[in-house]
Amino acid sequence: MSRLIIVSNRVAPISEGGMAAGGLAVGVYDALRETGGMWFGWSGEVASAAPASPKIEERGPVTFATVSLTRRDYDQYYRGFSNDTLWPTFHYRSDLTHYDRHEFDGYQRVNAWLAHQLIPLLRPDDVIWVHDYHLIPFAEALRQEGITNRIGFFLHIPFPASQVLVTVPPHDKLMRALCCYDLVGVQTEPDLRALRDYLEHEAHGTVSADGRVDAYGRSLRIGAYPIGIYPDELAALAKEGQDGRHLKNLRQTMHERRLIVSVDRLDYSKGLVERFRAFEKLLEISPNHRAQVSFIQVAPPTRSDIQSYQQIRLQLEAESGRINGRFAEMDWTPIRYLHRQYERAVLASLFREAHVGYVTPLRDGMNLVAKEYVAAQDPEDPGVLVLSRFAGAAQELDGALIVNPIDVQGMAEALDHALGMPLDERRARHARMMTVLRRNSVSVWRDSFLRDLRAVRQ
Ligand SMILES: O=P(O)(O)OC[C@H]1O[C@H](O[C@H]2O[C@H](CO)[C@@H](O)[C@H](O)[C@H]2O)[C@H](O)[C@@H](O)[C@@H]1O
Ligand SMILES: O=c1ccn([C@@H]2O[C@H](COP(=O)(O)OP(=O)(O)O)[C@@H](O)[C@H]2O)c(=O)[nH]1
């Protein structure tokens, strides 16, 4: 079998037990540790000069090849065009999008430089799988250097509607570059419909019913491949943590109260402010929950050098302070807002302890937390997932209470419904979702994408 080369901007921490840095790193690492192969990407470091070649480290069956970025590259490629232009637009927040042509030039330059760094490590039959919006031009850059290997691309974030995508000034260049891949995967059917729409109506290409595309003079395939988790591993992790220090401390402070839990990077796409207001609304409309329910929001910092992320942090701090000031009692704090990162094992046990998993992004490619919450539950006495219809996970998790994340009243009612749901119904919903999670595990995601990629030129 040919070697697998994974390319992504964010690479999982190399040290054992290191912190996960978001869903891409978690999902890709789970997929790669079974097959083995090489993972190439940014080391997460900003250095004064670009390295001459990647740093190579072995960890079990995975070889990590990482490079640092210069400050200019980081500013233009990562902070600028990737996270201040593409991220907000692809999450339908054109109001937060900034565009600077120099940043786009930097984005292309860094893609070409990264491709150049990878080339000496490649073998002719390697299969290359590139991940996410930071690296749309990566295959084009490899092709320009004569690389003919199979190259696939997976987009972890939503693919936006054409009329939103065309607000990015160089949308045509981006989509032309995207068509240099052999296979382009997105998370869900709605993402696939949006991609197909752009290719047919903006690029004037053709797309067949089974996903064959002819556009910009190139032939490729497109498909939907929802990323998953290992639900049984996660369940075991959650169970193991039940006697751990974190949970013991938590139980002592809860005094038998019910628990609602949310975990998200502190990102404006995650709908945190509306979520806090819906919890406030719950306390307003159902006074019986006052002093009986606590809400824990874990929200580790992310991309904090971007203004829109600084603003969401200030807004959330103000909201949690205001709501706690309004409802708190001497021995009860309604919202516990934790602006820090936790290990996945700790989160898994916290999920199992929670009566409600409260996952309400305004837009999200998938949202692995929603899947992890379900997997962590005790099947005999499971909690209830309240899930935004705009998370990719909502396409699969039909046992959740599906909400519109801007409908504060609707979310408060869903929380009330979840807190009062009878055991039989909770068990039935949970069992249904576990079946889906097992069927669409992370290995199924990896294997179906790679099967299609290996088949493209046969
Ligand atoms: O690398 P960062 O800038 O620190 O951000 C973390 C990651 O965030 C995004 O994750 C996405 O991938 C998940 C797994 O497929 C998916 O569940 C989630 O909906 C996405 O938001 C981003 O796409 C990654 O590139 C980042 O590494
Ligand atoms: O403090 C934290 C917060 C999150 N996560 C993990 O980071 C991933 C977040 O992925 P998701 O798809 O939900 O969102 P993303 O951050 O990728 O947008 C999940 O596996 C979480 O368990 C973690 O390990 N520690």
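## Around ligand 1

Ligand 1 has 20 residues around it, and the closest are R10, Y78, D132, H156 and D364; a residue counts as near when one of its heavy atoms lies within 4 Å. This is a predicted model, where local features need pLDDT of at least 70 and side-chain atom pairs count only at pLDDT 80 or more, while totals for chains, interfaces and linings use all residues. Residues are numbered from 1 along each chain as its sequence is written, chains are lettered from A and ligands numbered from 1 in the order in which they are written, and side-chain values use heavy atoms, with hydrogens and water left out.

Now for some polar contacts, meaning pairs of N or O atoms within 3.5 Å (within protein, one must be able to donate a hydrogen and the other to accept it, and residues adjacent in sequence count only if both atoms are side-chain atoms). In the side chain of H156, an N or O atom sits 2.6 Å from an oxygen atom of ligand 1. R10 brings a polar side-chain atom to 2.8 Å from an oxygen atom of the ligand, and for a side-chain N or O atom of Q187 the distance to a ligand oxygen is 3.1 Å. On its own, ligand 1 exposes 560 Å², and the protein buries 97% of that; these areas come from the Shrake-Rupley method with a 1.4 Å probe, and for residues only the protein chains shown count as cover.

Which residue classes make up the shell around ligand 1? There are 9 nonpolar, 6 polar and 5 charged residues. Here Ala, Val, Leu, Ile, Met, Phe, Trp, Tyr, Cys and Pro count as nonpolar, Asp, Glu, Lys and Arg as charged, and the others, Gly among them, as polar.

## Around ligand 2

Ligand 2 is surrounded by 16 residues, with G23, R265, Y342, L368 and E372 the closest. The side chain of E372 has an N or O atom 2.6 Å from a ligand oxygen, K270 puts a polar side-chain atom 2.9 Å from an oxygen of ligand 2, and V369 joins in with a polar backbone atom at 3.2 Å from a ligand oxygen. Ligand 2 alone has 540 Å² of accessible area, and the protein covers 92% of it.

Helix α13 gives the most to this shell, with 3 residues; helices (H or I, at least four residues) and strands (E, at least two) are DSSP runs, numbered from the N terminus. By class, the shell around ligand 2 has 8 nonpolar, 4 polar and 4 charged residues.

## Two domains

The chain is assigned domain 1 (4-228 + 442-455) and domain 2 (231-439), with bounds from an automatic or database domain assignment. Their C-alpha centres lie 30 Å apart, and 31 residues of domain 1 are in contact (heavy atoms within 4.5 Å) with 26 residues of domain 2.

Why does ligand 1 lie between the domains? Both domains give residues to the shell around ligand 1, so it lies between them. Ligand 2 also lies between the two domains, because both give residues to its shell.

## Two buried residues

S269 sits in the loop between β11 (258-263) and α10 (272-285). With a relative accessible area of 3%, S269 is buried; buried means under 20%, exposed over 50%, and partly exposed in between (1.4 Å probe, protein chains only). Leaving aside neighbours within four places in sequence, S269 is in contact with W87, H91, P361, L362 and R363.

H171 belongs to helix α6 (residues 171-178), and at 15% relative accessibility H171 counts as buried. H171 and E202 are 31 residues apart in sequence, with their C-alpha atoms 9.9 Å apart in space.
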